Amino acid sequence: SQAANAGNTISIYQQGINNMANLTQTGFGNTINLEQHGDGNLAEVIQDGDANIANINQQGEQTFIVHQIGNDMVVNITQY
């Protein structure tokens with residue numbers, strides 16, 4: 001879900017079965033880039049603020065949860 005101001009972007013690529021993405025953006029200029037390969041991955045990202053970035057790459061039965069509450073935060077995660 002995307003709420004509040006404009007300028008938020010979400011890019012999702014999922015390959016496999018039973019992959020889930022719960023993504024929420026409020027504020028301005030937030031970015032989520034999510035790739036999930038394989039089966040049974042879960043990603044939950046909440047961005048509440050401005051200019052936050054989350055780059056996530058998961059491959060096979062991984063779980064990643066992040067809440068970016070504030071401004072100008074960056075998280076890069078790769079899980080195999």
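# Two parallel sheets and the residues between strands

Four strands form an open sheet in the order S1-S3-S5-S7, with parallel pairing. At its edges stand S1 and strand S7 (74-79), each with a single partner strand, so one side of each has no neighbour in the sheet. Neighbouring strands here are turned by 0° against each other on average, direction ignored. The model is predicted. A second open sheet has three strands in the order S2-S4-S6, again with parallel pairing.

**Four-stranded sheet**

- Strand S1 covers residues 9-15 and strand S3 covers residues 31-37. Seven bridges pair S1 with S3 in the parallel sense.
- Within the S1 and S3 pairing, Tyr13 has Glu35 of S3 as its bridge partner.
- Glu35 also stands opposite Asn57 in S5.
- Strand S5 spans residues 53-59 and runs parallel to S3. Seven bridges join S3 and S5.
- S5 and S7 run parallel too, joined by six bridges. One bridge partner pair links Ile53 with Val74 in S7.

**Three-stranded sheet**

- Strand S2 (20-26) and S6 are the edge strands. Each has a single partner strand, so one side of each is left without a neighbour in the sheet.
- From one strand to the next, the twist averages 0°.
- S4 pairs with S6 in the parallel sense, over seven bridges.
- Leu42 has Thr63 in S6 as its bridge partner.

**How strands work in general**

- Strands of a sheet pair through backbone hydrogen bonds, in a parallel or an antiparallel way.
- Side chains in a regular strand alternate between the two faces of the sheet.

**Nonpolar core**

- The largest nonpolar core has ten residues. They are Leu23, Ile32, Leu34, Ala43, Val45, Ala54, Ile56, Phe64, Val66 and Val75.
- S3, S4, S5 and strand S6 (63-69) each supply at least two residues of this core.
- Leu23 belongs to the core. Its contacts include the core residues Ile32, Leu34, Ala43 and Val45.
- Leu23 also touches Ser1, Ile10 and Ile12. These contacts leave out residues up to four places away in sequence.
- In soluble globular proteins, nonpolar side chains tend to be buried together.

**Asn41: a buried polar residue in a loop**

- Asn41 lies in the loop between S3 and strand S4 (42-48).
- Asn41 counts as buried because its relative accessibility is 2%, and buried means under 20%.
- The Asn41 side chain reaches the backbone nitrogen of Gly60 at 3.2 Å.
- Gly60 is also one of the residues that Asn41 touches, not counting residues up to four places away in sequence. Others are Asn18, Asn19, Met20, Gln36, Gln58, Gln59, Glu61 and Gln62.

**Gln68: a buried polar residue in a strand**

- Gln68 lies in strand S6.
- Gln68 counts as buried because its relative accessibility is 3%, again under the 20% cut-off.
- A polar contact of 2.8 Å joins the side chain of Gln68 to that of Gln47.
- Gln68 touches Ile46, Gln47 and Asp48. Gln68 also touches Asn52, Ile53 and Ala54, as well as Met73, Val74 and Val75. Residues up to four places away in sequence are not counted.
- Two of the residues touched by Gln68, Ile53 and Val74, are bridge partners of each other.
- Ala54 and Val75, also touched by Gln68, are members of the largest nonpolar core.

Methods:
Residues numbered from 1 in each chain as written. Predicted model: local features only at pLDDT ≥ 70, side-chain atom pairs only at ≥ 80, totals over all residues. Heavy atoms only, no water. Pairing = 2+ DSSP bridges. Buried < 20%, exposed > 50% of the residue type's maximum accessible area, 1.4 Å probe, protein only. Polar contact = N/O pair within 3.5 Å; in protein donor to acceptor, adjacent residues only side chain to side chain. Contact = heavy atoms within 4.5 Å. Core = buried A, V, L, I, M, F, W, Y, C linked by side-chain atoms within 4.5 Å. Axes fitted to C-alpha atoms, helices over the stretch in contact; angles between N-to-C directions.
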